[in-house]
Amino acid sequence: MTMTTDQNGGVQGYTFYQIGLHWLIALLVFGQLIFGESMTESIEAAEEGTSVSTLEGNLASMHYYVGIAILVLVAVRIVLRIKNGAPPPPAETSGAIELAGRISHWLFYALLVVVPVTGLLGYYYGDPYGEWHSFAKPVFIGLIALHVAASLYHQLWRKDGLLMRMLKPR
Ligand code: HEM
Ligand code: HEM
């Protein structure tokens, strides 16, 4: 397969599959962050010999399977990222902003692997993995807030069409 490149030698945009995976994974991660405590509650109840509601129990098993699905999808996504690359930053992006973008994107990929893995370890072996896994919650939320703010800054303030790059395949 040939890759379309611009004058910088970088690819022109993200592919359909990269974009699809970005939004699918984002949606699943939001669900995990919102309903994750059902897993904490279920584990505590099991330890104390009490029980949780059917809804909470179902949410906890969903947390398990959706978390593993995220891990698999992220593996595919990282392969596509290495194979297809990413477009260069919009024109006139300063070096510092470009660096911040690169660091935060790779931090996302690291979190998307480390969080499900610590979740699995926490599920089968308990603490400290469970504690590390829970600590990822505020880290994830902070990074998402920064990421959304950066997207809106580009789109609305700089008006460089950055958001469109994650909506329209190359
Ligand atoms: C990207 C994927 C995941 C995200 C964003 C996520 C997020 C969360 C959140 C927000 C909590 C609640 C923490 C709290 O109560 O403060 C939690 C708890 C938990 N999750 Fe996940 N999770 C993910 C994947 C997984 C996977 C794959 C498993 C393994 C089967 C898992 C197992 C657990 C366990 C065992 C707990 C209870 C931790 C404890 O109380 O010690 N998670 N998760
Ligand atoms: C859990 C939620 C999210 C995660 C884990 C996530 C993760 C990522 C990652 C890893 C990249 C880098 C892609 C690459 O170059 O390899 C990226 C790019 C991008 N994300 Fe997100 N994202 C999330 C939510 C969002 C949301 C809600 C928005 C919109 C407001 C958004 C807008 C964008 C845009 C516009 C890019 C492209 C940046 C560019 O072209 O340089 N993301 N995201």
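These legends walk through close-up views of ligand 2 and its surroundings in a predicted model.

**View 1. The pocket that holds ligand 2.**
Start with the space itself: what ligand 2 takes up is the largest pocket. Helices do much of the talking here, with H1 (16-35), H3 (54-84), H4 (95-125), H5 (129-158) and H6 (162-165) being the elements that give two or more residues to the shell.

**View 2. Who sits around ligand 2.**
Count the neighbours and you get 19 residues surrounding ligand 2. Tyr14, His22, Arg81, Tyr109 and His147 are the closest. Sorted by character, the shell residues come out as 12 nonpolar, four polar and three charged.

**View 3. The iron atom and its two histidines.**
Zoom in on the iron atom of ligand 2, and its protein donors turn out to be His22 and His147, each through NE2, lying 2.0 Å from it. These two come from distant parts of the chain: His22 belongs to helix H1 and His147 to helix H5, 125 residues apart. Why call the arrangement octahedral? The six donor atoms around the iron atom subtend angles of 86 to 180°, and that makes it so.

**View 4. Polar side chains reaching ligand 2.**
Three side chains are worth a look here. Tyr109 places a polar side-chain atom 2.5 Å from an oxygen atom of ligand 2. Arg165 also has a polar side-chain atom by an oxygen atom of the ligand, at 2.8 Å. For His22, the partner is a nitrogen atom of ligand 2, with a polar side-chain atom 2.8 Å away; His22 is also one of the protein donors of the iron atom.

How values were computed
Residues numbered from 1 in each chain as written. Chains lettered and ligands numbered in written order. Predicted model: local features only at pLDDT ≥ 70, side-chain atom pairs only at ≥ 80, totals over all residues. Heavy atoms only, no water. Near = heavy atom within 4 Å. Polar contact = N/O pair within 3.5 Å; in protein donor to acceptor, adjacent residues only side chain to side chain. 1 Å grid on protein atoms, 1.4 Å probe; cavity = no way out; pocket = protein on both sides within 12 Å on 5 of 7 lines; lining within 4 Å. Sits in = over half its atoms within 2 Å of the grid points. Helix = DSSP H or I, 4+ residues; strand = E, 2+ residues; numbered from the N terminus. Nonpolar A, V, L, I, M, F, W, Y, C, P; charged D, E, K, R; others polar. Donors = N, O, S within 2.8 Å, 3.2 Å for Na, K, Ca; no water. Tetrahedral: all angles 85-135°; square planar, octahedral: opposite > 155°, others 65-115°.
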